[in-house]
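Reader: I'd like a close look at one helix, with its buried side and its charged pairs, and then a walk outwards to whatever else you find worth pointing at. Keep it relaxed, but give me the cut-offs, please.

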Amino acid sequence: MMNSINERRSIRKYQEKEVDRALITELIQAARMAPSAKNRQPWKYLAYTGNAKAELLERMQAGLEREQNGDAVLPESAFGLPDAFHTLEVMREAPVLLVILNTNGTSPYEPIDTDHRVSEICDSLSIGASVQNILLRATELGLGTLWIANTCFAYPELVDYLDTGDQLVGAISVGYPAEHPPARPRKQIEDILEFRR
C-alpha cells in the first residue's frame, strides 16, 4: 500500500489507448469500499468516454468562457481560470472521465442550515476517501489519474447537462500515463504533526 501512496502522481498527459471497462469497474469497486460518515456512502460516479465525454466537455468549455466573459458565478476565483482551461485540455486527452456526485448534496448556490452543512462536510470527507481509493488502485493497475476540482467554474452548465439534482463534486481523468512526473514537494513531518499530552 505504501508503494502506491508513494508512487501516485497527478497525470496530465495520457497515451492514446483505451481503458477497458473492467478496469474502470475495478476502480469503482475500490471506491465503494471507502469509509463513510454514518455509512451513508454518498458517492456516485458517472464514467464518460468518446462522444459523451466530448459533449460534456463542450459544456464545461461554455461555462469557463461564461466565467471569463464577465458573467461569473465565482468572480473572486478568476485567477484560477487559466488553470481551468488547461485542465479542460487534460480532460479532453484522457480516455475516461469519472464525474463525481454527492448524492446527498445540493447546489453550492443554495443556502442550507447548519445541520445540513455539517452533514455535507462529513459527506465530502467520505467522498475524498472514496476518490483516494480510486487514485491508489489506479496506480496499482498502471493507470494515471488527475483529481479535478475545476469543474466548479462550469457548475451550472455541467449540472444541467448531467440532468441531476445531486451535488457535482468534481471529476477524475483516467488513462495510461504518457509522463512520469517527479514527486512534488511535501511539508516536513514536524510542520504537520504535533504530539500533545
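Author: Let's fix the burial words before anything else: a residue is buried under 20% relative accessible area, exposed over 50% and partly exposed in between, using a 1.4 Å probe and protein chains only. What you have here is a predicted model, where local features need pLDDT of at least 70 and side-chain atom pairs count only at pLDDT 80 or more, while totals for chains, interfaces and linings use all residues. Numbering runs from 1 along each chain as its sequence is written, and side-chain values use heavy atoms, with hydrogens and water left out.

The helix I'd pick is α4, residues 81-93. Helices here are DSSP runs of H or I with at least four residues, strands are E runs of at least two, and both are numbered from the N terminus. How far apart are the end C-alpha atoms of α4? They are 19 Å apart, which agrees with the 18 Å that its 13 residues should span at 1.5 Å a residue. That expected span is 1.5 Å times one less than the number of residues.

Now for the hidden side. Leu81, Ala84, Thr87, Leu88, Val90 and Met91 are the buried residues of α4. Look down the axis and they fall within an arc of 160 degrees, so they line one face of the helix. (The arc is taken from the directions that run from the helix axis to the C-beta atoms.) The cover over that face includes α3 (50-68), β2 (96-102), β3 (144-148) and β4 (167-175), where contact means heavy atoms within 4.5 Å.

α4 also carries a charged pair. Glu89 and Arg92 meet through their side chains in a salt bridge, 2.8 Å from N to O. To count, a side-chain nitrogen of Lys or Arg must be within 4 Å of a carboxyl oxygen of Asp or Glu. The two residues are three apart in α4, which means about one helical turn separates them. Both are partly exposed: Glu89 has 44% relative accessibility, and Arg92 has 32%.

Stepping outwards, there are nine salt bridges in the structure. One of them joins Arg40 to Asp123, with the closest N and O atoms 2.9 Å apart. That pair ties distant parts of the chain together, since Arg40 sits in the loop between α2 and β1 while Asp123 is in helix α5 (residues 114-140), 83 residues away. Asp123 is buried at 2% relative accessibility, whereas Arg40 is partly exposed at 30%. Another bridge pairs Arg196 with Glu194, again with N and O atoms 2.9 Å apart at their closest, and both of those residues are exposed. Glu26, Arg137 and Glu140 are joined into one network by salt bridges that share partners.

The loop that holds Arg40 also holds Asn39, between α2 (21-32) and β1 (43-48). Most residues other than glycine have a negative phi. Asn39 has a positive one, about 55 degrees, although it is not a glycine, and it is exposed, with 54% relative accessible area. Asp163 is another case, with a positive phi near 55 degrees. This residue comes right after α6, in the loop between α6 (155-162) and β4, and is exposed at 71%.

Two other helices are worth a look for their buried sides. The twelve residues of α2 should span 16 Å, and the end C-alpha atoms are 17 Å apart, which agrees. Leu23, Ile24, Leu27, Ala30 and Ala31 are buried in α2. They fall within an arc of 115 degrees, so they too line one face of their helix. Their packing partners are β1, β2, α5 and β4. In α6, the buried residues are Tyr155, Glu157, Leu158, Val159 and Leu162, with β1, α3, β2 and β4 among the elements that cover them.

To finish, go to the surface. Ile189, Ile192, Leu193 and Phe195 form a nonpolar patch there, with about 480 Å² of accessible area together. Patch residues have over 30% relative accessible area and no salt bridge; like charges are joined within 9 Å, and nonpolar side chains (Val, Leu, Ile, Met, Phe, Trp, Tyr) within 5 Å. Areas come from the Shrake-Rupley method with a 1.4 Å probe, and for residues only the protein chains shown count as cover. Ile189 belongs to helix α7 (residues 189-192) and is exposed, with a relative accessible area of 54%.
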